[in-house]
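Reader: I would like a close look at one part of this model, the place where the ligand sits. Please take me through it step by step.

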Amino acid sequence: MTPNQTLSNYINGEWCDPNATEFLTISNPATADILGKVPLSPASEVDRAAQAAAKAFKTWRRVPATDRVQYLFKLKVLLDENFEEISQTITQECGKTLAEARGEMRRAIENVEVACGIPILMQGYNSEDIAKGIDEMMIRQPLGVTAMITPFNFPGMIPFWFMPYAIACGNTCIIKPSERVPLTMQKVFHLLEQTGLPNGVVNLVNGAKAVVDAILEHPAIRSVSFVGSTPIAKYVYTQAAANGKRAQCQGGAKNPVIVLPDADIEMTTRIMADSAFGCAGQRCLAASIAITIGDAQKPFTDSIAEAARSRKVGYGLESGTQMGPVITAQSKARIERLIQQGEAEGATVLVDGRQPEISGYENGYFVRPTILQDVNPAGEIARTEIFGPVLSLMHFETIDQAITLINSGQYGNMACLFTSSGAAARKFRYEAEAGNIGINIGVAAPMAFFPFSGWKESFFGDLHGQGHQAIEFFTQTKVVIERWQDWTRQF
Ligand code: NAD
C-alpha cells in the first residue's frame, strides 16, 4: 500500500471499488505515517454483497460438509504460510507488538482448525420408535447470509471467532472490519480468494456506520455477529432483533482482579503487568482494577509499580518492545483525561504515563503504563472502561468485600483471582459474576473450542462466538418425524 492507495471491497469473488464519496486515512499509530485510505462504502455495497451471498448460499449449502472444510484446510495452510506478513500488518495498523500480533493470529488459525471438525460438530440426533414405527430426528441446517462487524483491537483474530464456523456450517457471509484497521482483513481476503471458495461465499465490505445500518436493515441477512463497545453492541443487538435477525453482540469490559496475601507476588506481578499493559491495555480482557486483600497490598503495589516503570515502550516491530501505542491521537487524549479524572476523584497517580517521550517516535500515540492508587470504588473511574494501559489499585480486608464490589459492576467479561488456596479459588469461581474467570491467569481468553463467554453488559445475546456455541448460532434446528406404513413388507 502507498498513502494514496484506496482499499477495495471483495464481493462475489471480485475485488471492486465501492461507489464511496467519503474515505478515511489509515495510519500507523506508532509513527502517524499514513498507510492508505479506506472507503466508507454506501448501503448499496451491502446490498450487492447480500445479493451475491444469497445467490451463493443456494449452491453452497448443498456442498457436503466434508467438501466445505477442504477450503478451510487450504485456508489454514495459507494463513500459516503468510503468518509473519499478516502479523506485521497487524502491528503496523493496530500498534501492538509483533509478539502480540503473532499470538492473535495463532488464535485466528486455531478457530479455522476447530471449524474443520464441522462434519461431526454439526451432526444432529435421532430417536427410533418414538411411537410404533415412527422415528424422530433433529438436523442442523445453515441460516443463509450472515454478517460480522468487528472492532479495532484484534483485526486478525475477531472475524475468525465467527467466519470459519459460519461458512463451514453452509452459510455465506459478509465481513465489515473496523474502519481504523482494515488492512489485515484485506490481506486475509486475498488468501480466501486463493482457496478457490465459490464466488459470493465470503464478502468484504469496508466502511463505518452506514455499512452497519445497511446490514441491520437488509432483509436477506439472517444473523449479525458484533464485537465492539457496549453502547454500539446494545444498538446492534436492539436493531438486529427489531428486524428479526439472530444476534450475538460482545461489548466492553472493566475487568477486576483480586490479589490475596497467599498469592505468589512475583508471578502475579509478571502476569498482571502483561494483562494490564499488554496490547497497551486495549484488550477486552485487560485487567483494569487490581484489588489487594490484607497483607498483599504493600508487596503487590511496590512490585507492580516497578513493572510499570520498567516496561519498554516503543514501536511494536522493533525487537525488545513490550508495549506499543494506543490506536489514535483521540484515544490517547481520552485516556490522559480519564487519568486526570481519577486524580480528581481522590486517587494518587503512583506511576504517571502521560505525555511520554518515546525517542524516534515523537509523533506516535503513546501513553506509558500508569497506576492509579486508592481509586475510589464509588467513583466514575472505577466503572469506566479506559481501554488504555492504566491499572487502578483498590484495597479491602476480605475477599467477600472484593467479590461484592466485582458483582456490583455493569460489565461481566472477565474476573481473576491470584491465590495459592484451592478453597478461595473455588469460592471465587462460584460467586464471581463474569463469564470468563482466571485463577492465577491474567488474560482468561478461551481457546477456540470454548465459548468467549461475556456476561452482563459485556454481551447481548444467547450464544457466544467460538466452539459449539458458534455452531448452534450459525445453524437452525429442524425436527423431522417420519412414518413409513409399509416398512415391515418383504422386498
Ligand atoms: P466500536 O464500538 O467503536 O466499533 C466496533 C464496530 O462498530 C466497528 O466496526 C465500527 O465501525 C462500528 N461502529 C462504531 N460506531 C458505530 C455506530 N455509531 N453505529 C454503528 N456501527 C458503529 O469499538 P472499537 O473502539 O473498535 O473497539 C473497542 C471496544 O470493543 C472496547 O469497548 C472493547 O472492550 C470491545 N471489545 C470487546 C470484546 C469482547 O469480546 N467482549 C473483544 C474486543 C473488543
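Reader: Which residue has a polar backbone atom 3.2 Å from an oxygen atom of the ligand?

Author: That residue is Gly-228, and the contact runs from its backbone to a ligand oxygen. Keep in mind that the model is predicted. Side chains make polar contacts as well. An N or O atom in the side chain of Arg-180 is 2.7 Å from an oxygen atom of the ligand. Gln-250 has a polar side-chain atom that lies 2.7 Å from a ligand oxygen. Of the ligand's 840 Å² of surface when taken alone, the protein buries 89%.

As for the site itself, the ligand sits in the largest pocket. Helix H8 (209-217) and strand S10 (221-227) are the elements that give two or more residues to the shell around the ligand. There are 27 residues around the ligand, and those that come nearest are Glu-179, Arg-180, Ser-229, Gln-250 and Glu-385. By type, the shell holds 13 nonpolar, nine polar and five charged residues.

Finally, the domains. The ligand lies between domain 1 (9-251 + 458-479) and domain 2 (255-439), because both give residues to the shell around it.

Technical notes. Residues numbered from 1 in each chain as written. Predicted model: local features only at pLDDT ≥ 70, side-chain atom pairs only at ≥ 80, totals over all residues. Heavy atoms only, no water. Near = heavy atom within 4 Å. Polar contact = N/O pair within 3.5 Å; in protein donor to acceptor, adjacent residues only side chain to side chain. Areas by Shrake-Rupley, 256 points an atom, 1.4 Å probe, with all protein chains shown as cover. 1 Å grid on protein atoms, 1.4 Å probe; cavity = no way out; pocket = protein on both sides within 12 Å on 5 of 7 lines; lining within 4 Å. Sits in = over half its atoms within 2 Å of the grid points. Helix = DSSP H or I, 4+ residues; strand = E, 2+ residues; numbered from the N terminus. Nonpolar A, V, L, I, M, F, W, Y, C, P; charged D, E, K, R; others polar. Domains from an automatic or database assignment.
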